[in-house]
Amino acid sequence: MFTFPVEQFRLDNGLRVVLSEEHSAPVVAVAVYYDVGSRDEVRGRTGFAHLFEHMMFEGSENVGKFEHIRTVQRVGGVVNGTTSTDRTNYFEAVPAHYLDLVLWLEADRMRSLHVTAENFENQRQTVKEERRQSYDNQPYAQAFLRLNEVCYENFGYSHSTIGEMADLDAAPLESVREFFRTYYAPNNAVLSIAGDVDPAEVRGCVEKRFGSIARRPDPPRPDMFEPPQTHEKTAALDDALAALPAFLLAWHVPGARSPDSYALEILATVLGDGKSSRLYRRLIDQDRIAQRVTIERDERRGPDLFGAWVVCQPGLAAARVRDVVYQEIDDVVARGIAPAELAKAKNRVRARFTFGLQSALQRALRLAEYSMYHGDAELLRTELSHYQAVTLEDAQRVARTYLATANRTYLEVVPGAGR
Amino acid sequence: MSTGTRESPPAPGNPRPVAFPQVRRTTLANGLRVLVAEDHDLPVAYALLVVRAGSGADPENLPGVAAFTSSMLLEGTARRPRDRIVEEVEQVGGDLATSSDEDRTTIGVQILSADLPMAIELLAEVASSPSFPAAGVEKIRQKQSGELMRSLTDPGFLGRRQLYRVLYGDRHPYAHIAATEAALAAITVSDLERFHRRRFFPGAASLVVVGDVRPNEVRDLAERHLAGWKADGQTVAEPAAPTAGTGGASATKLRRVHLVHRPGSVQAMILLAAPALRRADPGWIPLVVGNQVLGGSASARLFMNLRERNSLTYGAYSSLGARRGVGPIVCSGSSRNEVAGRAMEEFLVEIDRLSGETIPGDEMDAAQSYLCGIFPTQIETPANVASMIGQQEVFGLPEDYWDTYRDRVGAVSEPMARRSIAALLDPARLEVVVVGDRAAIGSQLERFGPILVWDTEGNAAS
């Protein structure tokens, strides 16, 4: 259970602030979420939200190039930023007496990003190296990008967050300033602070550092409408770097924390979480036809995907392994899950939730996400109750509703290495 | 940089006290050490049973026996088949996993603290009485063989495998990081049973429990489930200092470049390394400070040079490998093929600087205050605290190691830090490994030394 106190308020400029006080360790975590992700990108500008995230470390009015990171690390802080389809976040965890320093750093770049052509070229190259290191030089990584292109008709989710090389090359400097003006407004952000703090004192600091940043027009929101999929899609991808056959499966499902998402998570847990899950037992222990099996939802704001990722044992036809997965899915659709499986899945969700709140940083991130996606960080308290309420009937109903053939996409990875 | 006067960052408040949790240590009559630290923030517990035997104790002709044994621990015990072991932990939301590295095998459980008694019972059973069923052995053999095939496509795996061969020489216990296909095919049930019999015994093991627990309760559980573990074994011999590598490492050799040819690579993964220190060496902490200056974080020299100034990489770092014997210091980064040679040059520039010039006070200060300041964040969760106590056990660090750690980091002088790292990283004698496509990068590497080409299987290529 989430038992920590939570305070929420809004500054006059629209900045949403979440505070959670907890004194067990002399650490404070700060997270700033901006409501912009790769789903906001248009054709020809893929990868821009993430490239922009890199520019947030390249200097602002009072902070030089990369000084943000150097300043935080100098005091023993953890610092980073990440970009997803749905949002961009920046975070720090520092010894608690440096809270004001971190607020000052975050406020400086929310107010006044300083962009130069030289720094932009530097980060363009850096991000291209990131793409090579994380995708182009890695077996199987391309398949995860390809899957979204096949599944989604809506451009917002069909293209990658890392972006196309050609689009990264073409990204103009002026777009950095424009993107900043459009999306990096206080009224489009959430500031979340968790850890060893005195809330009354923090309110003052937050007001002092962020209060004078001007509100700007609310940015446009993307239309994420996804037409219902009416027939099964299949595709294949040659992967010269991969040695073992593999495949991805995906079904369209509603977004994170929509009413059916809880039963879908229970289903994903029963099918694929842990060594005693149905698919682990069947594919890895019993039939010994797979190396690895993962079942999970992407947890997008939505529409989301419920996916399976399976790496087969050497020499097997992927389609043969896939058919075994289909058998297991068919069984859940036809017969549902057992009471003991439901109880176990609930226990596992509860434990995962608890383990996921151990550090101040984990708590700051969860609270910020709740505030941004659902408008109320306090909803984190009720999260577990939604899972506890899932019934056997719910689990079978969502299996029947969403894990249907017409709603399914199959992407086979054809390995080319080691031949 | 803007033209106006810059605002100064705000001053910090008053630092708050930080202390490593108190660790209660006891030893059972059979020699098993039990270490407990309390953290009552959340109702969770981590329990680790650490056994001082890893791949460094593999029989010489059978690399992979320790890792194979570690996987077999969950395949069944004298009292329970595999399905029940896994089911019992997972039913209550816990996870049980085994792993192994050069010096240790670890059996770990994360669980809600109310279920700790069951977890300790299982840990004890899995460690002391695995049954090595034939069907499980064949399953693990197939699985690991597939995993090995997959690893051979991973540039990081290929780089590390080649690096440790050249760093330690083929016959050293730390020279291999994984099984070979031939060894996986050859390992028998009796090899696994023999390894377990020789190396898994209470005198070589420590039970570490951290979280929402009471020391008395843990000690009672340990007495109940582990006091009956009666086994004699043989302590793993201390690994010798590395001598001759495949590349013929010696005090007078020239630097060579080991190129692992991975066709189709769009980046060159560069590793420059040297043998460093035993983890328990008194010189470790000065070396940690020196490494922090060179490449311990994104603020350090390698990252600032190769990424922020020269746009050659997504990230470049240096790190120390913690081993009971002598571990390595490794500098690494990946660069697009066209600039592989330039990236190598910049690594060498930064390594050269260590012996050529004093480390400015500001950089020393940044390194030391980072290492001290990050301590409270490192000890925030039971999992991290358990892992740190586990390191004390495996590497033979003193009981007050983490209590005095920050003082000792703070006491390192510039000459101590610089000399400790400069003495190890002699640019002329580094071991250099590059993973990439030979056709795309080979010619750029020639100026750094004679090139030896290896295929992804680890054989010399023509």
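Visitor: How many residues of chain A are in contact with chain B?
Guide: The model is predicted. Contact here means C-beta atoms within 7 Å. On the partner side, 62 residues of chain B take part; on the chain A side, the count is 63.

Visitor: Which element gives the most to the side of chain A that touches chain B?
Guide: Elements giving two or more residues include helix H2 (67-74), helix H13 (339-355) and helix H4 (117-136) of chain A. E5 and H3 of chain A are also among them. With 8 residues, the top contributor is H4(A).

Visitor: How many residues of that side of chain A are charged?
Guide: The residues divide into three classes. Nonpolar residues number 26 and polar ones 22. The charged residues number 15.

Visitor: Which strands stand at the edges of the sheet in chain A?
Guide: The open sheet has 6 strands, in the order E1-E2-E6-E3-E5-E4, with mixed pairing. An edge strand has a single partner, so one of its sides is left without a neighbour in the sheet. That applies to E1 (7-10) and E4 (78-83) of chain A.

Visitor: What is the bridge partner of A:Tyr34 in E6(A)?
Guide: Strand E3 (residues 27-34) of chain A pairs with strand E6 (residues 189-195) of chain A. The sense is antiparallel, over 7 bridges. For A:Tyr34, the partner in E6(A) is A:Ala189.

Visitor: What angle does the direction of H3 make with that of E3(A)?
Guide: Helix H3 (residues 99-111) of chain A packs on the sheet. H3 touches E3, E5 and E6 of chain A. Its direction and that of E3(A) make an angle of about 15°.

Key. Residues numbered from 1 in each chain as written. Chains lettered and ligands numbered in written order. Predicted model: local features only at pLDDT ≥ 70, side-chain atom pairs only at ≥ 80, totals over all residues. Pairing = 2+ DSSP bridges. Helix = DSSP H or I, 4+ residues; strand = E, 2+ residues; numbered from the N terminus. Contact = placed C-beta atoms within 7 Å. Axes fitted to C-alpha atoms, helices over the stretch in contact; angles between N-to-C directions. Nonpolar A, V, L, I, M, F, W, Y, C, P; charged D, E, K, R; others polar.
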